[in-house]
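This report introduces a structure to a reader who has not met it before. Please keep the sequence and the model in view while reading.

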Amino acid sequence: MTTATLETPIPTKPAKQKVMLVEGNEAAALGVALARPDMVAVYPITPQSSLVEHVAKLIADGKMDADIVDAEGEHSVLSVLQGGALAGARTYTATCGPGLAFMFEPYFRTSGMRLPIVMSIVTRDGITPQSVWGGHQDAMTVREVGWVQVYCETVQEVLDTTIMAFKIAEHHDVMLPVNVCLDGNYLSYGTSRVELPNQEDVDAFMGAKDVNWHVALDPLRPMAVDPLTGGSGGKGPSTFVRYRKGQCRGMQNSLRVIEEVHAEWAQRFGRSFAPLVEEYRLDGADYAIMTLGSMTGAAKDAIDEARDAGKKVGLIKIKTFSPFPVEALLKSLNKIQALGVVDRSVGFRWNCGPMYQETMGVLYRLGRHIPSMSFIGGLAGADITTGHFHRVIEATEKLLSSPAPIEPVWLNEKD
Amino acid sequence: MGTFGGAYNTIAFDANKCDGCGDCMTACATAKVGVGDTARSRIQIVGSADDGFELALCRQCADPKCVTVCPAAALTKNSASGVIDWNGDKCVDCLLCTVGCAYAGIALDAGTGHVAKCDTCDGAPACVPACPHDALTYITTSRIYNEVGDWEDLFAPGLAGCQGCNTELLMRHTLRRTGPETVLATPPGCVPGMGSVGFNGTTGTKVPVFHPLLTNTAAMLAGVKRQYKRVGREVLALAIAGDGGASDVGFQSLSGAAERNEQILFMVVDNEGYMNTGMQRSSCTPYGAWTSTTPVGQGTGSGGMPSQGKTQDAKNLPLIMVNHRCEYVATASTAYMEDLYDKLDKAIAASKRGFAYLHVYSPCTTGWRFPTDQNMEVARKAVETNFVMLWEYNPADGLHFTRPVDDPLPVTEYLKAMGRFRHLSEDQISHIQGKVVENLAFVKQMAHVAKA
Amino acid sequence: MEQTKYLVVGSSHAALEAVTAIRMHDPEGSLTLLTRDPHLPYSPTVLPYVVSGRSAPDGIFLRDEKFFATLGVQLKRGTALKALHVERNAAELADGSEIAYEKVLLATGASPAIPPIPGLDQVAYHVLRTLDDATKLNAAIKNSKRAVVMGAGLVGMHAAENLVKAGAKVTIVEMAKQLTDGYFDATAAGLIAKAFTDNGATILTGSRVVKLASSAIGALLTLENGTTLEADLLLVATGVKPNMEYLAGSQVEHDRGILVSDTMQTSVANVWSAGDCAQAKGFYTDAKIMNAILPDATEQGRIAGMAMAEDPGLKKYPGGVPLNTYHFFGRHAISVGSSKVPEGGEVVTRFDEASGRYLKAIFSADNRLTGIYGVNEFFDGGVMCQLILRRIDLSPVKGRFLAEPMKVGREIMSKTWR
């Protein structure tokens, strides 16, 4: 495989960018437009709806040149994009919650076919108890299906990451679909100041499009896409193994590519986001709390207050959740003696948050024992306030001297 | 012509219609030797009313033994007409040709002392119009083969369909027609099951081909087509799907694509069930039919009904598609290839404008339980009994029958041809006959309304 | 050295069928057809009609140059195979050149067998196996007044009829007790003999020529019983022997002919043989027999070609069934199958002296047809052959079959068509 080369030299100083006040869903739509997809397929669902409405309006107003397919459901939404991608299209959609569940069959298949489709998940809790409000349960449920999943903290990060996602997905060492996760309600509807990159600068950043060099439905180079593979003997199972191993290699390669793309983004546009794991005031900390997505803003405020109060606490934020950034996280965990992990969803099997569950695996690799515990908050649209984070900080601090509780702490249970 | 030469017109014989009257022989002898001596006819009706009549006639073989054993180069296969020509100037009356033929197609004419054989009267055989019962026909359907024989077969040889299956025939003919600028979507079922998409890195298809999910054929294909349209390339997006994937779990994406008028050609091969996976019921399975999930047993099954096959009527998918006001909708049968070809041409043309839907009834020798040599016969009986109807629809002209059957056979003629209906009670048969009448009336009503 | 994937030696029915069969499966592999004959391919069977003048010598060719060009076959005429060097896969030709082959078919046919009779080498005589033989004989019969034909096989009988019709006084000398021995039974032979004697020929069966000498008009023959015959035209038609001298010293096993398996393969894996030079299994016995008849040559040639091209549709040779048709003085005789009556079998004959119609059918104990003979009784030889090959049980129709073999045979075979 080849490594993508830069199409144009990086300017020494980022160009001046247009400043706007937009909600997260509109920021995502603006990012999509700047990435110039050929095809978007849409089906509305709360809290994603305004995102696809913005996309439709951009196309209707001639501000975006893409074929829009108003499909009859999410299953077909992703299926249409698979067909488009196999014919060479850059493709995009967005969904969440029940829509993602309905989409699961083609969703599972997208990564196997190595199609670089970008899809926002405007995260939503549920499905039952019925909820239309935010929470990471939908995205967490599909974390083992081979998509790259990144979580945004701010509206600006939504806009920038949406563009970067295409470049990561289409990198020849990756060739995997990417979910850009933005928290329902808090990011989707949260209005914020953003800087809008210039189209020509984004074009230079994106480089040439080449999405079906590896697998295509094209009469000019006919091939059978996804013939049956496997069986009990012969070359079937080994063929399958090579496909799967290649997928896993693509996932691991994405960790490097995500870092490279974020670095280039920072150079070209002057905005720097931690690509995999962000450390906040971790140096000199005895213990840390760990966050994901938009909750991180309030968490950082709480850390500042705790530091002011003399507590030696820091913060670790995960941006790239799939693949799980094991090596990067190990570096951060090496700096601390105790850890509290805050999830916005549940892991039913382990009776803890899913991110905590993943982190336990990393802690095992640390080579020394540090106490840790799981916090679950922000379900079904609930706010996680600085107050909640102070409880998290206090409980985590106690781990330095007391045994760690087995049960998770449910932050909003008594709100 | 292709590798195997052309197909030619031929004199066909329907033994069921022959009463042994001998008028054909008289006509032949009169035309050929000027007297009505049937012994000198080159067409010989043999057999009896008890055993059935048979035809001894030159078959105009493609690989004629009589020609190979002629020492005098007096017999030649005429590549233009397909007739085996006899040259009297070269013939030495050795009779070796009569030793070569296994069917007495060339024999001694006692009147001349020479051998004589059918020459099809230069394309206007005297015997055919002489038959008072239409037992003889001079068949011209091979024109299809002559037309398409040179077109590239876009499937590899050796697809592993069941013996006697007509789906492979349908696939090969369809792809010959659509040509190489085609992307073929074929969801799980018999079509990929016989190796068209392939196994472990091999493929049976020469155009881009893929397995969609059983559920998303129309949607995935729509994506392919849209992108080629966007970049200005003319590519035909073709689906060949089973009835289960189209009428059941794949129906949503099918309906959605039809409603959006996606420019694709969606062909359903309706074998009335999930035949590839072991003959389970689909919504296209007809009432009363045995399937592996509507078995025949002593107990009661669906809704307290006795377990005597499927207890509901089939979903009429093509009529549902008409209600999407597609660019083109038609039903077809491999027993009526010319009709099918006409519809295929129209469907291909329509798919350049919008959604085209072709529903092909496809008897399944394995799942319906009939002998492997009976596929075309079963397909024909389905039409002759009005169990299925051949019609086409487009928004401008509405619906009309392409092969109306005004004097249908009783539906039992169809039902008795296969094992899946063997258990039917009188009540079940009368239910089916009633549905045939009802369906016919319904479609006729649509055709009438369309005309008005 | 010239190289070819397939080398086919011979140019008559077996060779031509092999070429077609190879090209059905392998349209591209290099193919060379080598024949000692300078002419385009023709059938030895047609030569009596060249002799009679019925067939024009230039109208008998079975294929033209275009046929070979279209199929991509290199045709080498007028060069005989001199020796086959199987150890290095090379064919040495009469002109000293060699052709290297991957696979070779020996379909070299047969030549007249010349009996070792004292004085035969001192007199002028004719034989009939090649087109050149036929044109010479055709010229000679016009001037003949007294002709002797040695041998009453079909070649000799055809020539004798031609000589009779040309006005010669003809004597046929045959060692066996009857004419056409091995083709037709005594009754049929009697009918044939009568036709000849009615037309003025003399037939000496059970007679042997013991000495020949030249005479004023040509040759003087002395028979075993002391009788002498003088001939201005002498035709030696005492049978044929396979052409296989080129195998002298080779590993290819041969007996009376070249021994082949039921796919026409010889004892050397890349060498096949078919037609009059091959000795293959018979239909009635697994013993390998010479069955030098035209229909068998085509069948063997086709099988050999399919085997050489590795055509998966190849079916094994069922064994040779004797098949002969003979047309004489406006009458015809047909024989299909074996004259031998199987154990427990049955022979049914029917003879109408007035019309000269004769039928003989032979059945096995379980009512399968094993042989059928007719004179002036037409039936379809091909249909009968299929009844024999397919071992069709005729029990239900035996009575009708004997009354009307043609009609009932046609009924049975027509049924198999649909």
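The paragraphs below treat one chain, then two interfaces, and then one helix.

The model is predicted: local features need pLDDT of at least 70, side-chain atom pairs count only at pLDDT 80 or more, and totals for chains, interfaces and linings use all residues. Residues are numbered from 1 along each chain as its sequence is written, while chains are lettered from A and ligands numbered from 1 in the order in which they are written.

**Chain C**

Chain C holds 10 helices and 24 strands; helices (H or I, at least four residues) and strands (E, at least two) are DSSP runs, numbered from the N terminus. Its radius of gyration, taken over C-alpha atoms, is 23 Å, close to the 22 Å that the globule rule gives for 418 residues, so chain C is as compact as a globular protein of that length. The globule rule is 2.2 Å times the number of residues to the power 0.38. Along the principal axes, the C-alpha atoms of chain C fill a box of roughly 65 × 60 × 35 Å. Of the 418 residues of chain C, 49% are buried, that is, 20 or more other C-beta atoms, placed from the backbone, lie within 10 Å of the residue's own.

**The two interfaces of chain B**

Contact here requires C-beta atoms, placed from the backbone, within 7 Å. The table describes the side that chain B presents to each partner. Ala, Val, Leu, Ile, Met, Phe, Trp, Tyr, Cys and Pro count as nonpolar, Asp, Glu, Lys and Arg as charged, and the others, Gly among them, as polar.

| Partner | Residues in contact | Largest contribution from chain B | Classes on the side of chain B |
|---|---|---|---|
| Chain C | 27 residues from chain B, 34 residues from chain C | helix 3, 4 residues | 18 nonpolar, 6 polar, 3 charged residues |
| Chain A | 35 residues from chain B, 37 residues from chain A | helix 8, 10 residues | 16 nonpolar, 15 polar, 4 charged residues |

Strands also link chains A and B: 2 bridges join strand 9 (residues 224–225) of chain A to strand 10 of chain B, and the two run parallel. Strands pair if DSSP finds at least two bridges between them. A224(A) has V209(B) as its bridge partner in strand 10 of chain B.

**Helix 14 of chain B**

Helix 14 spans residues 375–384 of chain B, and its buried residues are N375(B), V378(B), A379(B), K381(B), A382(B) and V383(B). These buried residues pack against strand 15 (328–333), strand 16 (356–361), helix 13 (365–368) and helix 15 (412–415) of chain B. Just after helix 14 of chain B, N386(B) adopts a positive phi of about 65 degrees.

Note on methods:
Two residues are in contact if their C-beta atoms, placed from the backbone, lie within 7 Å. A residue is buried if 20 or more other C-beta atoms lie within 10 Å of its own, exposed if 12 or fewer, and partly exposed in between; C-beta atoms are placed from the backbone.
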